[in-house]
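Please open the structure in the viewer and keep the selection panel at hand. The tour below begins with the whole chain and then turns to individual elements.

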Amino acid sequence: MVQLSFLGILALASAVAGLPGSPTPGSPSYPVPGTQPKDAVTLDVVPIGASFEFFMYPSYMTNISLAAPCIEQFDNVFKRKMHVRIGGTTQDRAKYDPYFDGYVSYNVKDPLEAPMSLIYGPRFLDLIMYEFWKYPVATSPWNETQEGLDAANWAQDFINHWNEPLPILAAGGYAIPFAIEPSWPNLPYLVDVAYNQTIKDGTKVYNGYLYSLSNVTADGLNVEMNHRTTAADLNTLPISSSKLDNKPYILGETGFHGADYKMDATLGSAIQTVDKTLRGLSIGIQRMFYHQGTINQAFFNWWSSDSVNAPFYGAYFAALAVEGGDSILASDNGTDSFAQYVVYKKEKPFKVVLVNTEYYSGTGSRSATKFTMTGLENGPVQTLRLTGPSSETSVSRLQSDPSLEPSIGGQYFSNDNCSLRGHKKFEKFTVQDYQLTITLSASEALIIYL
């Protein structure tokens, strides 16, 4: 049995009793439509994937013992193999050498640096087990005209050499969705200008990437994890361009921040991952690949060489939330700190997910908010909670006191082999008069099984 800290006991007791220390004014109240609405978005059967930085992939597969068992945790949830993407900026700089006998070769002054040039050979491809395209992708300058031309030429060349059925291509991998660099390539330009019909017919999905777009500071977790920020970032994605060509849109690479901020390894990051995943799926993203960058450097990584990090908890919790569902609906408009998502199965409510993205530093009073759901069927329900001592909580190497770690229903992932440890605790509630009110403390998420 996992021992709970005083804060954990207080959080659970307040949820069951409905008596939090300081309920937030203007508590959210959302209806749960009893029949799947028309604007609910169809869920992919495996909507969460892992992305690996190109030059790091051999090390993840051969040196990092946690990678395979952690991926298997998702396989177990979805009862299917998790999708994996291998790419990133180091792939842009990579050169294939058919005579090179290693996985990958590069030289850097600091082992945590990403190389500016590298060579990979057939053994790299053996780790992936599929035919790899060995032609260069792009040349400078990096602008929408040149990149659009390069992307079109590359795609056409691939189609000319490919002997298998189409479509197969994932197009628009570096389609910047915002006006930081107006001259950079973008998906609407590829779809509307650069691609001819042959290339469009050969394209299976359109693909973008997204990290936080705000003017981030190292101590800005309270802003960065907030539902308002997450919803605003996702709204910049050019999903409509993909839909106009009747193709799915995926995020081939995503994470909390593109730079290395320690906040990315916290419970706050895990909560943001839950919110980002469910919000993204609810606005039409088919699948989201969470990036694993340089080992032991990128704080958004799901695992290090010796620990399962907090963002993994968020992605795993999101997987639990959508598993088995047919579609998803976002109940709120993304303008405050609170979110509700309804997952439907066979056109009936299957699960409701509540997310409180308010920040708690770990000192002083922890705010709590009452979420009210209306339109539910009367009767008992059970719930599973993602929580931790504070928004700043990260995973310790020794895990000597599980009450100080992030947890999902009281369970945590072992740093030794990614197995779940502890006793899973479902909280029980009763829907009365077709509504249910549940309290979430700051930086918590909750799955309600209907």
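With the entire protein selected, 54% of its 450 residues count as buried. The model is a predicted one. Its exposed surface amounts to about 19700 Å², of which carbon and sulfur atoms supply 52%. Colouring by secondary structure displays 13 helices and 22 strands. Among contacts in the protein with a separation of 6 or more, 74% join residues 24 or more positions apart.

Next, select residues 144-161, helix α6, together with residues 187-194, helix α7. At what angle do α6 and α7 pack? The angle is about 65°, and the two axes lie 10 Å apart. The crossing of α6 and α7 is right-handed. To view the contact itself, show the side chains of Glu144, Thr145, Gly148, Ala151 and Ala152 on α6, and of Tyr189, Leu190 and Ala194 on α7. By class, this contact comprises 5 nonpolar residues, 2 polar residues and 1 charged residue.

Then move to the open sheet of 3 strands, whose order is β1-β15-β21 and whose pairing is mixed. Its edges are β1 (29-31) and β21 (435-441), each of which pairs on one side only. On average, neighbouring strands of this sheet are turned by 25° against each other, direction ignored.

Finally, select β15, residues 368-374, along with β21. In which sense do β15 and β21 pair, parallel or antiparallel? Their pairing is antiparallel and extends over 7 bridges. Which residue of β21 stands opposite Thr369? Centre the view on Leu440, which occupies that position.

Notes. Residues numbered from 1 in each chain as written. Predicted model: local features only at pLDDT ≥ 70, side-chain atom pairs only at ≥ 80, totals over all residues. Heavy atoms only, no water. Axes fitted to C-alpha atoms, helices over the stretch in contact; angles between N-to-C directions. Helix = DSSP H or I, 4+ residues; strand = E, 2+ residues; numbered from the N terminus. Left-handed = near helix turned anticlockwise from the far one by under 90°. Contact = heavy atoms within 4.5 Å. Nonpolar A, V, L, I, M, F, W, Y, C, P; charged D, E, K, R; others polar. Buried < 20%, exposed > 50% of the residue type's maximum accessible area, 1.4 Å probe, protein only. Areas by Shrake-Rupley, 256 points an atom, 1.4 Å probe, with all protein chains shown as cover. Pairing = 2+ DSSP bridges.
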